[in-house]
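Trainee: I would like to learn how to read a fold from its coordinates. Where should we begin?

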Amino acid sequence: MSKNVQPKKPNVKILLSAVLAIIAAIVWIQALNQDNTPTASENSRALIGGEFALTNHMGEAVTDKDFLGKYMLVYFGYTYCPDVCPMDLQIMADAMNELDPSLVDQINPVFVSVDPERDTVDVMAEYVGFFHKDMIGLTGTVDQVNNIKKAYRVYSAKADDSADYLVDHTSYTYLMDKDGSLLKHFNHGEDPVEMASTITALIN
């Protein structure tokens, strides 16, 4: 008479060991890859900058491609700004004047209007001339300005609906690399000598 052969039960300890081994392997791989994870700072830099199409203060249509190959110092503001914009643009100009001439030739100082309804090409041409001989003024249609604001994560909004309205806006100066990526941002009211020193250290 034949006996019934009972199937062997799986060894629980072996299964548990296999699961733990897999988990350990996953944790180890993640640990090895940890150094390759972009930092928060790198992620922030990647978010600033991008494509744009505007008109410069000489009436020429330009895009982000026209600025590749040189560094950019970029400030967003408007010509009717009573204090913050002229202060930061003068700081930018003073910082440019502090730089070694060989470095100045590698940098485009750029002023982007967030008030295109009033900042026409002629207005921008007169305004940028007050600050630095190399400063480039950029304006455009409302949609074009909104596009570059989005690319650079810039906020601006009219304070009211009066004829002589002010515009609330962020007041950073961006140092962009030759490939259009962000190298550094400067806050409102930076010391121009320190700004020049930082720029020199970053691009030398």
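Mentor: We will go from the overall make-up to the sheet, then to the core and to single residues. Keep in mind that this is a predicted model.

Trainee: How many helices and strands does the protein chain have?

Mentor: The protein chain has 7 helices and 9 strands. Of its 204 residues, 36% count as buried. Among contacts between residues at least 6 apart in sequence, 69% join residues at least 24 apart.

Trainee: In what order do the strands of the sheet lie, and is the pairing mixed or not?

Mentor: The strand order is read across the sheet, from one edge to the other. Here 7 strands form an open sheet in the order 2-1-5-4-3-8-9, with mixed pairing. Strand 2 (61-63) and strand 9 (182-186) are at the edges with a single partner strand each, so one side of each has no neighbour in the sheet. From one strand to the next, the twist averages 30°.

Trainee: Which helices pack on the sheet, and which strands do they touch?

Mentor: For each helix, look at the strands in contact and at the angle of its direction. Helix 6 (residues 142-151) packs on the sheet and touches strand 1 (53-56), strand 3 (71-77) and strand 4 (107-113). The direction of helix 6 makes about 110° with that of strand 1. Helix 7 (residues 192-203) also packs on the sheet, touching strand 3, strand 4, strand 8 and strand 9. Its direction makes about 170° with that of strand 9.

Trainee: Strand 4 is touched by both helices. How many of its residues are buried?

Mentor: In strand 4, 7 of the 7 residues are buried, so the strand is largely enclosed by the rest of the structure. Residues of a strand can be sorted by the way they point. Ile-107, Pro-109, Phe-111 and Ser-113 point one way from strand 4, while Asn-108, Val-110 and Val-112 point the other way, and all are buried.

Trainee: How many bridges join strand 4 to strand 3 and to strand 5?

Mentor: Strand 3 and strand 4 run parallel and are joined by 7 bridges. In that pair, Gly-77 stands opposite Ser-113. Strand 4 is also parallel to strand 5 (residues 136-139), with 3 bridges between them. Phe-111 has Gly-137 as its bridge partner in strand 5.

Trainee: How do strand 8 and strand 9 run, and how many residues lie between them?

Mentor: Strand 8 (residues 173-176) and strand 9 run antiparallel, with 4 bridges. They form a hairpin with 5 residues between the strands, and Gly-180 in the turn has a positive phi of about 90°. In strand 9, Phe-186 stands opposite Thr-173.

Trainee: Is Phe-186 buried or exposed?

Mentor: Phe-186 has a relative accessible area of 2% and is buried. Leaving aside neighbours within four places in sequence, Phe-186 is in contact with residues including Leu-73, Tyr-172, Met-195 and Ile-199. Phe-186 and Tyr-75 are 111 residues apart in sequence, yet 9.8 Å apart in space, C-alpha to C-alpha.

Trainee: Which residues have the most contacts inside the largest nonpolar core?

Mentor: That core has 51 residues, and those with the most contacts inside it are Phe-76, Leu-138, Tyr-152, Tyr-174 and Ile-199. Helix 3 (residues 84-98) gives the most to this core, with 7 residues. Not counting residues up to four places away in sequence, Ile-199 touches Leu-73, Leu-99, Ile-107, Leu-175 and Phe-186.

Trainee: How many aromatic pairs are there, and which residues form a cluster?

Mentor: A pair of aromatic rings is described by the distance of the centres and the angle of the planes. A search of the whole structure finds 8 aromatic pairs. Phe-76, Tyr-152, Tyr-172 and Tyr-174 form one aromatic cluster.

Trainee: What lies over the ring of Tyr-165?

Mentor: The charged end of Arg-118 sits over that ring, 3.6 Å from its centre. Lys-158 lies over the face of Tyr-165 as well, at 4.5 Å from the ring centre.

Trainee: Which residue other than glycine has a positive phi?

Mentor: One of interest is Arg-153, with phi near 55°. Arg-153 lies in the loop between helix 6 and strand 6 (156-158). Arg-153 is partly exposed, with a relative accessible area of 47%.

Terms used. Residues numbered from 1 in each chain as written. Predicted model: local features only at pLDDT ≥ 70, side-chain atom pairs only at ≥ 80, totals over all residues. Heavy atoms only, no water. Core = buried A, V, L, I, M, F, W, Y, C linked by side-chain atoms within 4.5 Å. Buried < 20%, exposed > 50% of the residue type's maximum accessible area, 1.4 Å probe, protein only. Helix = DSSP H or I, 4+ residues; strand = E, 2+ residues; numbered from the N terminus. Contact = heavy atoms within 4.5 Å. Phe/Tyr/Trp six-rings, centres within 6.5 Å; stacked < 30°, edge-to-face > 60°. Lys NZ or Arg CZ within 6 Å of the ring centre and 35° of its normal. Pairing = 2+ DSSP bridges. Axes fitted to C-alpha atoms, helices over the stretch in contact; angles between N-to-C directions.
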